[in-house]
Amino acid sequence: MNKFTEKFMSNEKNLAFLKETMWGPNGIRQAEELTSHFTITKDMKILDLGCGLGLSALYLAQEYGAEVFATDLYADPTENYERFKSLDIADKIVPMILDATQPIPFAKGYFDVIFSVGAYNMFGDNEEMLPNLIPYLKKGGYIAVSFPGLKYEFGDNVPPEMQPFWDVPEVAKTVRGIEWWKELFGKAEGIEIINISEQTCHDIAWEEYLASLDPSSEDKWDLDMMKAEGGKYFNTIQFVAKVV
């Protein structure tokens, strides 16, 4: 596992690129673990939701040669296009602005895979999102997502060291326990669940991201949070399902 990631990071230029473009735990590493649960071929069309600065799209295009629609609500698609050109993969990736909570501007049944790394919890923490996405997949297509989660649901018993971070409503709402997500995903119809589990790359993906941050910066929220967490509560949750 993670053969692509290790090879990519062994190149100093690639490693510098990675450090500059991580918005969270190493997205290439997460993407590679996700794809170990199903097969991608070069003739597939993939919708990458919440691609950030393009690391998951980079992996899908370089490793498989698939056609990727790299979408995000906050990343500049022109800047992403320039990044993809610098890696000679711009012909495989269409960078776009897209809000996953709104109707998606594609035909139903258009995609072979809907993919998301590090973002699904920000828009998919409700019963409507997964059923809304499924129609855009071909029969036999896959949805594969990974995102930050908890080993268990805090509920009203937020650990004291985590309370300063749970005062942020967005965190308290979207970072949930794995059993909570299993129950939510289990309500969706028309899919066969392939995998719901904690990603094994969680620790190293976070280590690689935190190592890229400047500890002297005033904006070190992630560093402070992970120091307080101390490996006790967080995980990275992955979900892979097939349309039937």
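Which unit do E2, helix H5 and E3 make? They make a right-handed β-α-β unit, with H5 spanning residues 77-86. The model is predicted. Its open sheet has seven strands and mixed pairing.

**The sheet**
- The strand order is E3-E2-E1-E4-E5-E7-E6.
- E3 and strand E6 (191-198) stand at the edges, and each has a single partner strand, so one side of each lacks a neighbour in the sheet.
- From one strand to the next, the twist averages 15°.

**Strand pairs**
- Strand E2 (residues 67-72) pairs with strand E3 (residues 93-97) in the parallel sense, over five bridges.
- Phe69 has Val94 in E3 as its bridge partner.
- E6 pairs with strand E7 (residues 234-243) in the antiparallel sense, over seven bridges.
- Val240 in E7 stands opposite Asn195.

**Helix H4 on the sheet**
- Helix H4 covers residues 55-64 and lies across strand E1 (45-49), E2, E3 and strand E4 (111-117).
- H4 runs at about 180° to E2.

**Helix H4 against helix H3**
- Two packed helices are described by the angle between their axes and the distance between the axes.
- The axes of helix H3 (residues 27-35) and H4 come within 8 Å and cross at roughly 55°.
- H3 and H4 are therefore oblique to each other.
- Their crossing is right-handed.
- On the H3 side, the contact involves Gly27, Ile28, Ala31, Glu32 and Thr35.
- These meet Leu55, Ser56, Leu58, Tyr59, Leu60 and Tyr64 in H4.
- By class, the contact of H3 with H4 has seven nonpolar, three polar and one charged residues.

Key:
Residues are numbered from 1 along each chain as its sequence is written. This is a predicted model: local features need pLDDT of at least 70, side-chain atom pairs count only at pLDDT 80 or more; totals for chains, interfaces and linings use all residues. Side-chain values use heavy atoms; hydrogens and water are left out. Two strands pair if DSSP finds at least two bridges between them. Helices (H or I, at least four residues) and strands (E, at least two) are DSSP runs, numbered from the N terminus. A crossover is right-handed if, with the strands pointing away from the viewer, the path from the first strand over the helix to the second runs clockwise. Axes are lines fitted to C-alpha atoms, for helices over the stretch in contact, and angles run from 0 to 180 degrees between N-to-C directions. Contact means heavy atoms within 4.5 Å. Angles under 35 degrees count as roughly parallel, over 145 as roughly antiparallel, 65 to 115 as roughly perpendicular and the rest as oblique. A crossing is left-handed if the near helix is turned anticlockwise from the far one by less than a right angle, and right-handed if clockwise. Ala, Val, Leu, Ile, Met, Phe, Trp, Tyr, Cys and Pro count as nonpolar, Asp, Glu, Lys and Arg as charged, and the others, Gly among them, as polar.
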